[in-house]
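I opened the notebook today to look up two things: what surrounds the ligand, and how the strands are arranged into sheets.

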Amino acid sequence: MAGRFLSIGECMVELSQAGDGLLRKGFAGDTFNTAWYARACLPADWQVDYFTALGDDQMSAEMLAFMEAAGIGTAAIRRIRGKTPGLYMINLKDGERSFSYWRESSSARQLAADGDRLREAIEAADVVYFSGITLAILPREDVDTLLSELRRAKAAGKTVAFDPNIRPRLWLSLDVMHTTISEGARASTLVMPSFDDEAAHFGDDSIDRTILRYRGLGAMNVVVKNGADGVTLNFDGEQSFVPAAKVKKVVDTTSAGDSFNGAFLARYLQDGDAQAAARFAVRIAARVVSEHGALVDPEKLRIA
Ligand code: ADP
């Protein structure tokens with residue numbers, strides 16, 4: 001095996017409108033979406049695994065089967081008796097999308113409660129990916145468990161990639177959000193923020209400010225996504241820019257950042273060329289925003 005990619009977080013049941021009051025069921029969640037795109041873009045000799053906690057209900061079983069069918073390993077996933085996965089619904093009103101969530105007591109909130117299992121999964125991986133949402137859903141003592149395992153992985157020379165994915169509503173307070181996201185960055189080797197989030201919630205007045213802040217926390221590498229305005233990279237202090245790919249018609253931006261991250265990591269892990277990885281990832285993200293839904297069929301992502 002060439003390498004092992006592990007993504008840690010929450011995958012939810014997704015309900016979307018299917019017309020006539022009917023709902024379509026799917027499965028998605030930021031870190032799972034990134035695993036999906038990493039799987040689609042990595043060669044077969046890479047293993048991609050997902051780490052979360054699920055329940056013992058039918059929905060959990062279906063989610064596991066869905067992950068397996070996508071080629072994503074589920075062996076490390078904890079099953080908790082009596083629990084169920086989180087759920088969200090995509091509402092459509094006059095062409096505008098909004099989201100309703102039921103995730104306060106989801107199984108994934110206990111994903112780091114079994115520290116030994118978490119350590120085993122991280123030790124078996126070469127690359128670990130997590131997000132601000134992963135941190136936001138955990139009780140504080142489990143945030144500590146996860147961060148200390150990530151710091152061990154970083155010290156062992158592994159790639160630890162983090163998307164702050166800032167969602168204020170998931171956090172107890174803005175103070176806790178700022179502190180914990182900064183701790184997440186400190187445990188990482190590569191931080192992959194979206195500039196609009198960082199400007200809105202950390203008050204960054206420029207992309208340089210975002211890069212300086214995360215590098216100052218000890219992340220050697222930073223990739224700042226800025227929608228249609230391209231991507232700024234800073235790897236070991238060397239800065240460069242990659243423009244976004246042109247999109248004829250933006251259909252659905254769900255998962256744009258997640259797909260960029262998965263595609264970027266897939267390329268970067270193979271040869272360490274961050275600029276080439278970004279050029280590839282902006283093309284994948286452009287395909288993803290041209291299609292409906294969080295998870296675009298890998299067949300539609302083939303890029304010559
Ligand atoms: P997020 O979804 O995390 O907010 P962005 O909006 O920055 O992240 O989008 C992530 C990536 O998706 C961008 O770096 C870019 O490559 C691509 N992308 C997003 N919106 C567009 C767009 N309108 N045109 C072309 N590419 C886009």
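The entries below start at the ligand and then move to the sheets.

**Entry 1: the ligand.** I note before anything else that this is a predicted model. I looked up the shell around the ligand and found 14 residues there, of which Ser194, Gly227, Ala245, Gly257 and Ala285 come nearest. By class, I count nine nonpolar, four polar and one charged among the residues of that shell.

I then went through polar atoms facing the ligand, beginning with Ser194, whose side chain places a polar atom 2.7 Å from an oxygen atom of the ligand. For Gly227 the backbone supplies the polar atom, and the distance to a ligand oxygen is 2.7 Å. Gly257 also offers a polar backbone atom, which lies 3.0 Å from an oxygen atom of the ligand. The ligand taken alone would expose 550 Å², and the protein buries 82% of that area. When I asked which elements give two or more residues to the shell, I found helix 9 (256-271) and helix 10 (274-289).

**Entry 2: the eight-stranded sheet.** Turning to the strands, I traced an open sheet of eight with mixed pairing, in the order 4-1-9-10-11-12-13-14. Its edges are strand 4 (46-51) and strand 14 (238-242), each of which pairs on one side only. Inside this order I looked at strand 10 (residues 159-163) and strand 11 (residues 190-191), which run parallel and are joined over two bridges; in one bridge, Phe162 has Val191 of strand 11 as its partner. Helix 5 (residues 140-155) packs on this sheet, where it touches strand 1 (3-8), strand 9 (127-131) and strand 10, and its direction makes about 135 degrees with that of strand 10.

**Entry 3: the four-stranded sheet.** I also recorded an open sheet of four strands, in the order 3-2-7-8 and again with mixed pairing. Why does one side of strand 3 and of strand 8 lack a neighbour in the sheet? Strand 3 (23-28) and strand 8 (96-102) are at the edges and each has a single partner strand, so one side of each is left without a neighbour. From one strand to the next, the twist averages 25 degrees.

Within this sheet, strand 2 (residues 12-17) pairs with strand 7 (residues 87-93) in the parallel sense over four bridges, and I found Glu14 opposite Tyr88 of strand 7. Lastly, I noted that helix 2 (residues 58-69) lies across strand 2 and strand 3, at about 65 degrees to strand 3.

Note on methods:
Residues numbered from 1 in each chain as written. Predicted model: local features only at pLDDT ≥ 70, side-chain atom pairs only at ≥ 80, totals over all residues. Heavy atoms only, no water. Near = heavy atom within 4 Å. Polar contact = N/O pair within 3.5 Å; in protein donor to acceptor, adjacent residues only side chain to side chain. Areas by Shrake-Rupley, 256 points an atom, 1.4 Å probe, with all protein chains shown as cover. Nonpolar A, V, L, I, M, F, W, Y, C, P; charged D, E, K, R; others polar. Pairing = 2+ DSSP bridges. Contact = heavy atoms within 4.5 Å. Axes fitted to C-alpha atoms, helices over the stretch in contact; angles between N-to-C directions.
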